[in-house]
Amino acid sequence: MTRDPAVVDGRRAPARGAFRGLDAAAYAAVGLSAALTVLIGLLGPSAMVPALPGPAWQPPYSLGVRPDGHLVIAMAAAAIVLGGLGLAGALRARSGPAPRLLLVAGCAVAGLLAFLPPSGSADHLNYAAYGRLAALGLDPYAVTPAELPADPVTGAVEEWAGVTSVYGPVATAVHALASLIGGDSVRLTVFAMAAFNAAAFIGTALLLHRFTRADAGLSRRAALLWAANPLMLYHLAAGMHVDTLAVACMVAALVAHAAGNAARAGAVPAGVAGPGGPAVPAVPVGSDGPGGGWRRAGSGVLLGLGIGVKLNAGLVALGPAWELRRSPRRLAVVAGAATATVLLTYGLAGPHVLDQVGAASKKVSLATPWQLAKTGLQAAFGPGAYSSWIQLGSLLLLACLAWLVLRATPRATAPAVSAALVAAWLFAAPYALPWYDGLAFALLAMAAGASWPALETFVLARTAVLSLGYLPAREAMRPADLLWLKTLLRERVVPWSLLALTLALAWWAARAGARARRRSASAAPRP
């Protein structure tokens, strides 16, 4: 029986054709948000864009206008607000561009941003410094950039100069390669990293499109959640955060896992299209199908590489593990390949690779609700008394949210389970930044059989609110009269707002899970 491409999970998908009213406004807001993000980088060094030492003829390029800090921060705020509202409207629009047009437009913007200076934070200067240390034969997990102040690359770090690397060895390897390309030029080193970042962003967009291309509604939704997502263009394409690499690895791993499932005996009858792919022929009963074992091993290697970028990306591995829990042999292949890859990459990185990770696990970022708990615990018990309590509380909250969201999962596919766990982690983590949310958006785009408008809305609202709290994410060149962006917005308004969102998420998940259980009970055959 052929599925109606106009219906997605019981809801009518957005139709092709002319825009109507609010639909047009939503897509216009998405486009304007992306344009503002591009303009911020194009204007050159500012409160949002760190200067990049190096010959002016080298990329990335800008107009060098050096705009006023008030102007670029206002532009960033407008980009976030327009992007959040526009994306929320576009996800629910009943008319809009073809999925391929959204894909091409988003990838084109991401490619353009690679040629402009990164904006929003100064993290890329740290990436360049750690890559430089590795290229010089030093250990970025034991040596800080501050120990080489005269070096043209390590000396350009604005923040965290006295801290060793917290990033995984795969990320450091990519940054070291960029350093070999860029040499003594910060500008060229950053451009090389931007090229890798753009390739990862665009590659992820293409994989998501391929995974969902059999259904126009799902394909459009995937393009909106990733390629044409203005908040992801703002943070991951323009901000050039290392999270893009982790997302690319994890999406590729889940695509390989789905291909392995499609090749498994009896998973797909002859001539029927697999998940986002071409027709898969029938295979003998009991077989893993042509290349199925290699696909599973490849999925495990990609999971390991993603963990090699950032440890917390390992939550994604629990999705395939859930699907394969009744197939010990297949699970062993994936888990074995992933474990071997992690041990190899982290083992080669040396004995200090996890030093900073351990220290970072005890930190509390200013804009999370845990900052409120930290302040209260310090007032009651003194400095340093909060760490173990907050760590325990965050783990309990993570377990509770994960359980509630998983109960509300329409279909427990590997991407859906991974999306539920990552979303729970984002809301429960004591230390979280807005660009971490890219992983959740990509996983939600893959959860084709478990489209959650409510969960998408919660993640989108969290990203938008947290993004406003990090304006700008760098302290340098922020106008003195805008200190309230940190002391009021980041430290007070955003934590309380995220606390309210977290409580609302738990309430929704509890109700949605209860409704799902009642439907299952009523549909079950009576004895």
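**A walk from the salt bridges outward**

Let's start with a charged pair: E456 and R221 meet in a salt bridge whose closest N and O atoms are 2.6 Å apart. Keep in mind throughout that this is a predicted model. The pair links distant parts of the chain, since E456 sits in helix α18 (residues 453-469) while R221 belongs to helix α7, 235 residues away. Are these two charged residues buried or exposed? E456 has a relative accessible area of just 5%, so it is buried, and R221 counts as buried too, because its relative accessibility is 7%.

Helix α18 also carries R462, which pairs with D437 from the loop between α16 and α17 (438-446); these partners are 25 residues apart. Their salt bridge has an N to O distance of 2.4 Å. Both R462 and D437 are buried.

Over to another part of the chain. R132 forms a salt bridge with D151, with 3.0 Å between the closest N and O atoms. R132 is in helix α4 (residues 123-135) and D151 is in the loop between α4 and α5 (169-182), so this bridge ties together parts that are 19 residues apart in sequence. R132, at 10% relative accessibility, is buried, and D151, at 12%, is buried as well. Shared partners bring in one more residue here: R132, D151 and D184 are joined by salt bridges into one network. The whole count comes to eight salt bridges.

Now zoom out. The chain has 527 residues, 55% of them buried, and its secondary structure comes to 19 helices and four strands. Look at contacts between residues at least 6 apart in sequence, and 76% of them join residues at least 24 apart.

What fills the inside? In soluble globular proteins, nonpolar side chains tend to be buried together. Here, the largest nonpolar core has 141 residues, and those with the most contacts inside it are M48, I73, W226, V316, V422, L505 and W508. Helix α16 (residues 414-428) gives the most to this core, with twelve residues. A separate core of five residues lies apart from it, with W370, L377, Y386 and I390 among them.

W226 is a good place to pause. Leaving out residues up to four places away in sequence, W226 touches F201, T204, A205, L208, M232, L236, V247, G438 and A442. A little further along is N229, in the loop between α7 (216-225) and α8 (230-238). N229 has a relative accessible area of 0%, so this polar residue is buried. What does its side chain meet? A polar atom of the N229 side chain lies 3.0 Å from the backbone nitrogen of L231. Beyond its neighbours within four places in sequence, N229 is in contact with L87, A223, L224 and F441.

Finally, the outside. The chain exposes about 21,400 Å², and carbon and sulfur atoms supply 69% of that. One nonpolar surface patch, of about 330 Å², is made by L39, L42, L63 and V65. Of these, L42 lies in helix α1 (residues 21-43) and is partly exposed, because its relative accessible area is 30%.

S361 is partly exposed as well, at 40% relative accessibility. S361 lies in the loop between α13 (355-360) and α14 (370-381), where a polar atom of its side chain is 2.6 Å from the backbone oxygen of G358. The C-alpha atoms of S361 and A429 are 9.5 Å apart, although 68 residues separate the two along the chain.

Terms used. Residues are numbered from 1 along each chain as its sequence is written. This is a predicted model: local features need pLDDT of at least 70, side-chain atom pairs count only at pLDDT 80 or more; totals for chains, interfaces and linings use all residues. Side-chain values use heavy atoms; hydrogens and water are left out. Patches are made of residues with over 30% relative accessible area and no salt bridge: like charges are joined within 9 Å, nonpolar side chains (Val, Leu, Ile, Met, Phe, Trp, Tyr) within 5 Å. Accessible areas come from the Shrake-Rupley method with a 1.4 Å probe; for residues, only the protein chains shown count as cover. A salt bridge is a side-chain nitrogen of Lys or Arg within 4 Å of a carboxyl oxygen of Asp or Glu. Helices (H or I, at least four residues) and strands (E, at least two) are DSSP runs, numbered from the N terminus. Buried means under 20% relative accessible area, exposed over 50%, partly exposed in between (1.4 Å probe, protein chains only). A polar contact is a pair of N or O atoms within 3.5 Å; within protein, one must be able to donate a hydrogen and the other to accept it, and residues adjacent in sequence count only if both atoms are side-chain atoms. Contact means heavy atoms within 4.5 Å. A nonpolar core is a set of buried Ala, Val, Leu, Ile, Met, Phe, Trp, Tyr and Cys residues joined through side-chain atoms within 4.5 Å.
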